[in-house]
Amino acid sequence: MTTKDTPNGRIISHSPISTEMEAAADECFAAYKTLDEKVKKFYATIPEGFGVKSFYGKGDLVIIDKQKDIDEEGKYWEENR
């Protein structure tokens, strides 16, 4: 197993890590950090009593629903797996 640290994250791989793989992975690590910050900022704008049901498609659709309905649906799926 090979481990390689990049400026934005760490790669752990059973295959060799090329410089191209390292650079591409580092870009992904940076993008995930940026996305996480933007999603947190978006969630902070959701009115109380509502929540994000999910992001769908290619990330180009979001459904915002009453938190009560989201919780009830989650409970249903937990009980009916």
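Tutor: A strand, in the sense used here, is a DSSP run of E covering at least two residues, and strands are numbered from the N terminus. The model in front of us is predicted, and K66 is found in strand β4.

Student: What makes β3 and β4 a pair of strands?

Tutor: Pairing requires at least two bridges found by DSSP, and strand β3, residues 50-56, is joined to strand β4, residues 61-66, over six bridges in the antiparallel sense; the requirement is therefore met. Among the facing residues, F50 has K66 as its bridge partner in β4, and F55 stands opposite V62. The hairpin of these two strands has four residues between them, and G57 takes a positive phi near 65° there.

Student: Why is K66 called partly exposed?

Tutor: The class runs between the limit for buried, under 20%, and the limit for exposed, over 50%; K66 has a relative accessibility of 48%, so it counts as partly exposed. As for its position relative to E78, which is 12 residues away along the chain, the C-alpha atoms of the two are separated by 19 Å.

Student: What makes S13 buried?

Tutor: S13, whose place is in strand β2, residues 10-13, has a relative accessibility of 9%, and because buried means under 20%, the label applies. The side chain of S13 also reaches the backbone oxygen of S15 at 2.8 Å, which satisfies the limit of 3.5 Å for a polar contact.

Student: How many aromatic pairs does a search of the whole structure find, and why is the pair of F42 and Y43 called edge-to-face?

Tutor: The search finds three aromatic pairs. For F42 and Y43 the ring centres are 6.2 Å apart, within the 6.5 Å limit, and the planes stand at 85°, over the 60 degrees that edge-to-face requires, so both conditions hold. F42, at 25% relative accessibility, is partly exposed, and Y43, at 42%, is partly exposed as well. The rings of Y76 and W77 can be tested in the same manner: their centres are 5.1 Å apart and their planes are at 80°, so this pair too is edge-to-face. Y76 is partly exposed at 44% relative accessibility. F42 and Y43 also belong, together with F55, to one aromatic cluster.

Student: How do you know that K53 and E73 form a salt bridge?

Tutor: The definition asks for a side-chain nitrogen of Lys or Arg within 4 Å of a carboxyl oxygen of Asp or Glu, and the closest N and O atoms of K53 and E73 are 3.1 Å apart, so the pair qualifies. K53 lies in strand β3 and E73 in helix α2, residues 67-79, so the pair ties together parts that are 20 residues apart in sequence. K53 has a relative accessibility of 31% and counts as partly exposed, and E73, at 34%, also counts as partly exposed.

Student: Which other salt bridges can be put to that test?

Tutor: A search of the whole structure finds five salt bridges, including that of D5 and R10, whose side chains meet at 2.6 Å, N to O, and that of R81 with E78, where the closest N and O atoms are 2.8 Å apart. Each distance is within 4 Å, so each pair satisfies the definition. D5 is partly exposed at 46%.

Student: What makes R81 and E78 exposed?

Tutor: Exposed means over 50% relative accessible area; R81 has 81%, so it is exposed, and E78 has 51%, so it is exposed too.

Student: How do you know that L61 may be counted in a nonpolar surface patch?

Tutor: A patch residue needs over 30% relative accessible area, and L61, in strand β4, has 45%, so it passes that cut-off while still counting as partly exposed. The patch, of about 240 Å², is made by Y56, L61 and I63.

Note on methods
Residues are numbered from 1 along each chain as its sequence is written. This is a predicted model: local features need pLDDT of at least 70, side-chain atom pairs count only at pLDDT 80 or more; totals for chains, interfaces and linings use all residues. Side-chain values use heavy atoms; hydrogens and water are left out. Rings of Phe, Tyr and Trp (its six-membered ring) pair if their centres lie within 6.5 Å; planes under 30 degrees apart count as stacked, over 60 as edge-to-face and the rest as tilted. Buried means under 20% relative accessible area, exposed over 50%, partly exposed in between (1.4 Å probe, protein chains only). Patches are made of residues with over 30% relative accessible area and no salt bridge: like charges are joined within 9 Å, nonpolar side chains (Val, Leu, Ile, Met, Phe, Trp, Tyr) within 5 Å. Accessible areas come from the Shrake-Rupley method with a 1.4 Å probe; for residues, only the protein chains shown count as cover. A polar contact is a pair of N or O atoms within 3.5 Å; within protein, one must be able to donate a hydrogen and the other to accept it, and residues adjacent in sequence count only if both atoms are side-chain atoms.
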